[in-house]
Amino acid sequence: MTETSRKPDDGVFSDLILLTPGPLTTSLATKRAMLHDWGSRGQEMAAMTSRVREKLLNCVGAGQNYECVPIQGSGTYAIEAAIGCLVPRNGKLLIMINGAYGRRMASICDILGVDHTVDESPEEEAIKVEALHTRLQRDRAITDVAVVHCETTTGVLNPLAEICELVVARGKRLLIDAMSSFGALEINSAKIPFDALVAASGKCLEGVPGIAFVILRKDWLEKAGGSARSLSLDLYDQWRYMSQTGQWRFTPPTQVVAALDQALGELESEGGVVARGARYKRNCDVLISGMRALGFQTLLAENVQAPIIVTFSPPNQAKWRFEAFYNGLRRRNYEIYPGKLSKIESFRVGCIGNLGQAEIQGFLAAARETLDDMGFEAAAGTG
């Protein structure tokens with residue numbers, strides 16, 4: 001999928017192949033989209049912003065009942081904006097946690113003074129709908145529920161449809177962190193009638209970092225006027241200003257908007273969310289099979305593994321050093337992520353980005369060579 005990188009010795013910076021959860025490898029056309037300077041108040045930027053918002057709504061089949069509000073910054077900015085604007089000051093948020101990004105939402109609540117409670121599951125397990133049911137029964141003060149769809153800490157996929165069904169049945173509102181799933185795993189608003197969903201440009205959409213967005217029910221948004229706990233992260237004011245002027249309230253990341261516009265066009269050309277998810281699934285299958293052949297073990301059971309990022313535990317050998325493995329891969333033009341687990345040593349390898357099976361096979365060859373350099377027997381993790 002990717003264009004050939006220049007060699008490091010030709011005097012031009014060589015792009016690494018990023019096997020990470022974002023930022024990630026982007027297409028050459030997406031990179032080139034950032035080469036133009038755009039005026040932030042010009043008609044071209046207004047038209048581009050409008051087009052991006054419409055395409056993002058189309059990704060979830062959202063109709064006139066939903067709005068898309070982009071926010072400058074990383075995904076966490078939009079998560080904070082959503083929590084700070086949408087949870088009523090007399091409301092209470094239940095956060096279902098099975099990883100670092102659920103815990104981050106709890107930290108946001110602590111800082112903003114949002115009343116909340118948490119239910120925490122082991123990081124290697126999907127959230128249990130039964131636990132959610134119990135919490136909603138016991139605590140009638142809960143008005144809103146937040147859940148991470150694909151928890152990037154491990155790559156675990158949570159049962160979103162079942163969670164949404166229960167939340168709707170109990171008359172609560174659902175806020176989804178879809179940061180690592182949006183654009184690759186289908187979330188159809190007709191089948192999963194969420195109230196708010198948060199994602200960002202630099203993950204499965206294959207844009208570059210710098211824009212996050214909230215897709216949410218218009219009636220919930222309309223009630224949020226004056227409720228924001230931040231000036232710059234006020235979703236209601238951002239939406240109102242964009243609706244009236246077509247412009248961003250504050251300086252937009254113009255080149256990032258252009259890159260996202262291009263990347264969304266490429267998503268459509270690929271065949272949409274389902275087709276992209278299928279490519280990532282093929283990448284994931286090749287990755288897991290190849291890494292197991294090298295002696296690595298996956299953390300998650302197959303039925304909860306999302307085709308987004310995979311957590312591996314290293315071979316049980318005294319020679320293992322993550323830093324040596326990481327640096328050896330970088331010398332061979334590949335970058336991976338360290339683990340985020342506190343209990344066991346691990347690292348993570350992403351399946352997403354402008355990549356296909358050829359790049360995954362190239363990574364596996366680089367991993368084998370690196371293990372050879374580290375002195376592993378037959379580069380297969382044996383012994």
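Contact here means heavy atoms within 4.5 Å, and that is the sense in which one element touches or covers another below. Keep in mind that this is a predicted model.

With that in hand, start at helix α10, residues 273–293. What covers its buried residues? The cover includes α2 (43–59), α9 (254–270) and α12 (357–373), along with the strands β11 (297–298), β12 (309–313) and β15 (347–350). The buried residues themselves are Val273, Arg276, Gly277, Arg279, Tyr280, Asn283, Cys284, Val286, Leu287, Ile288, Gly290 and Met291. As background for reading that list, an α-helix has 3.6 residues a turn, so residues three or four places apart point the same way.

The length of α10 checks out too: at 1.5 Å a residue, its 21 residues should span 30 Å, and its end C-alpha atoms are 30 Å apart, which agrees. After the helix comes Gly295, with a positive phi near 105 degrees.

Three of those covering strands belong to a sheet that α10 lies across: the helix crosses β11, β12 and β15, running at about 10 degrees to β12. This is an open sheet of 4 strands with antiparallel pairing, in the order β11-β12-β15-β14. β11 and β14 (337–338) stand at the edges with a single partner strand each, so one side of each has no neighbour in the sheet. Inside the sheet, β12 and β15 pair in the antiparallel sense over 4 bridges, and Thr311 has Arg348 of β15 as its bridge partner.

Now for the other sheet. Here 7 strands form an open sheet with mixed pairing, and the order reads β2-β10-β9-β8-β5-β3-β4. Its edge strands, pairing on one side only, are β2 (66–72) and β4 (116–120). From one strand to the next, the twist averages 20 degrees.

Two helices go with this sheet. Helix α5 (residues 129–138) packs on it, touching β3 (93–97), β4 and β5, and its direction makes about 160 degrees with that of β3. Helix α6 (residues 160–169) lies across β5 and β8, and runs at about 160 degrees to β8. Those two strands are partners: β5 (residues 144–148) and β8 (residues 173–177) pair in the parallel sense over 5 bridges. One of the matches puts Ala146 opposite its bridge partner Leu175 in β8.

Here are the helix-to-strand angles side by side.

| Helix | Strand | Angle |
|---|---|---|
| α5 | β3 | about 160 degrees |
| α6 | β8 | about 160 degrees |
| α10 | β12 | about 10 degrees |

Stepping back, the secondary structure comes to 12 helices and 15 strands. The radius of gyration is 21 Å, close to the 21 Å that the globule rule gives for 383 residues, so the protein is as compact as a globular protein of that length. Along the principal axes, the C-alpha atoms fill a box of roughly 65 × 55 × 35 Å. Of the 383 residues, 56% count as buried. Among contacts between residues at least 6 apart in sequence, 72% join residues at least 24 apart. The protein exposes about 16,100 Å², with carbon and sulfur atoms supplying 49% of that.

One last residue: Gln244, found in helix α8 (residues 235–245). Is Gln244 buried or exposed? Its relative accessible area is 57%, and exposed means over 50%, so Gln244 is exposed. Its C-alpha atom is separated by 25 Å from that of Val87, 157 residues apart along the chain.

Notes. Residues are numbered from 1 along each chain as its sequence is written. This is a predicted model: local features need pLDDT of at least 70, side-chain atom pairs count only at pLDDT 80 or more; totals for chains, interfaces and linings use all residues. Side-chain values use heavy atoms; hydrogens and water are left out. Two strands pair if DSSP finds at least two bridges between them. Axes are lines fitted to C-alpha atoms, for helices over the stretch in contact, and angles run from 0 to 180 degrees between N-to-C directions. The expected span of a helix is 1.5 Å times one less than its number of residues. Buried means under 20% relative accessible area, exposed over 50%, partly exposed in between (1.4 Å probe, protein chains only). The radius of gyration is taken over C-alpha atoms; the globule rule is 2.2 Å times the number of residues to the power 0.38. Accessible areas come from the Shrake-Rupley method with a 1.4 Å probe; for residues, only the protein chains shown count as cover.
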